[in-house]
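Welcome to a short set of exercises with worked solutions. Have a look at the model below and try each task before you read on.

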Amino acid sequence: MEYNRLNAVKEVQNKLYDDNTIYDLAELYKVFGDSTRTKILISLEISPLCVDDIALCLNMTKSAVSHQLRILRQAKLVKPDKRGKEVYYSLDDEHVSSIIECGLDHIKEGK
């Protein structure tokens, strides 16, 4: 079948997401654009951790970890789980893990 520019443009226009959805997607990827937050997400993919443990694993201050976790919570990428006096964080759902794994697969593919 021959390429038809008009049909291609119409198809894209019909299937393109609305501006709000595109904006939300771009904002999600901005959160992943920070290597510290990505390290935290990968750490939480391995195991749920409290702020103290994340700070130890990543050689960061608790304050810095808390700041990043606040951003990750706002983006609905991590969720808290209060256990006694401690709050443990984990990935919000399997989609977060899929995003991480898909990105890593893409990076490994080019090597």
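**Exercise 1. Find which residue of S3 stands opposite Lys79, then work out how S2 and S3 are joined.**

Solution. Please keep in mind that this is a predicted model.

Step 1. Start at Lys79: the residue opposite in S3 is Ser90.

Step 2. Now take Val78, whose bridge partner in S3 is Leu91.

Step 3. Count the bridges: six of them join S2 to S3, and the two strands run antiparallel.

Step 4. Look at the connection. S2 and S3 form a hairpin with two residues between them. In the turn, Gly84 has a positive phi of about 65 degrees.

**Exercise 2. Give the strand order of the open sheet and say which strands stand at its edges.**

Solution. A reminder to begin with: strands of a sheet pair through backbone hydrogen bonds, either parallel or antiparallel.

Step 1. Find the partner of S1. S1 pairs with strand S3 (residues 86-91) in the antiparallel sense, over two bridges.

Step 2. Check this residue by residue. Leu49 stands opposite Tyr89 in S3, and Cys50 has Tyr88 in S3 as its bridge partner.

Step 3. Put the pairings together: the three strands of the open sheet have the order S1-S3-S2, with antiparallel pairing.

Step 4. Read off the edges. Strand S1 (49-50) and strand S2 (78-83) each have a single partner strand, so one side of each is left without a neighbour in the sheet.

Step 5. Add the helix that packs on the sheet: H5 touches S2 and S3, and the direction of H5 makes about 115 degrees with that of S2.

**Exercise 3. Describe how helix H4 packs with helix H5.**

Solution. Two packed helices are described by the angle between their axes and the distance between the axes.

Step 1. For H4 (residues 51-58) and H5 (residues 62-74), the angle is about 110 degrees and the axes are 9 Å apart.

Step 2. Classify the angle: angles of 65 to 115 degrees count as roughly perpendicular, so H4 is roughly perpendicular to H5.

Step 3. List who meets whom. From H4 come Val51, Asp52, Ile54 and Ala55, which meet Lys62, Val65, Ser66 and Leu69 in H5.

Step 4. Sort the contact of H4 with H5 by class: five residues are nonpolar, one is polar and two are charged.

**Exercise 4. Describe the largest pocket and find which helix gives the most to its lining.**

Solution.

Step 1. The volume of the largest pocket is about 170 Å³.

Step 2. Helix H2 (19-32), helix H3 (35-46) and helix H6 (94-109) are the elements that give two or more residues to the lining.

Step 3. H6 gives the most, with six residues.

Step 4. Among the lining residues are Tyr29, Phe32, Thr38, Ile42 and Cys102. By class, the lining has eight nonpolar, two polar and no charged residues.

Technical notes: Residues numbered from 1 in each chain as written. Predicted model: local features only at pLDDT ≥ 70, side-chain atom pairs only at ≥ 80, totals over all residues. Heavy atoms only, no water. 1 Å grid on protein atoms, 1.4 Å probe; cavity = no way out; pocket = protein on both sides within 12 Å on 5 of 7 lines; lining within 4 Å. Points joined across faces, edges and corners; volume = space filled by probe spheres on them. Helix = DSSP H or I, 4+ residues; strand = E, 2+ residues; numbered from the N terminus. Nonpolar A, V, L, I, M, F, W, Y, C, P; charged D, E, K, R; others polar. Axes fitted to C-alpha atoms, helices over the stretch in contact; angles between N-to-C directions. Parallel < 35°, antiparallel > 145°, perpendicular 65-115°, else oblique. Contact = heavy atoms within 4.5 Å. Pairing = 2+ DSSP bridges.
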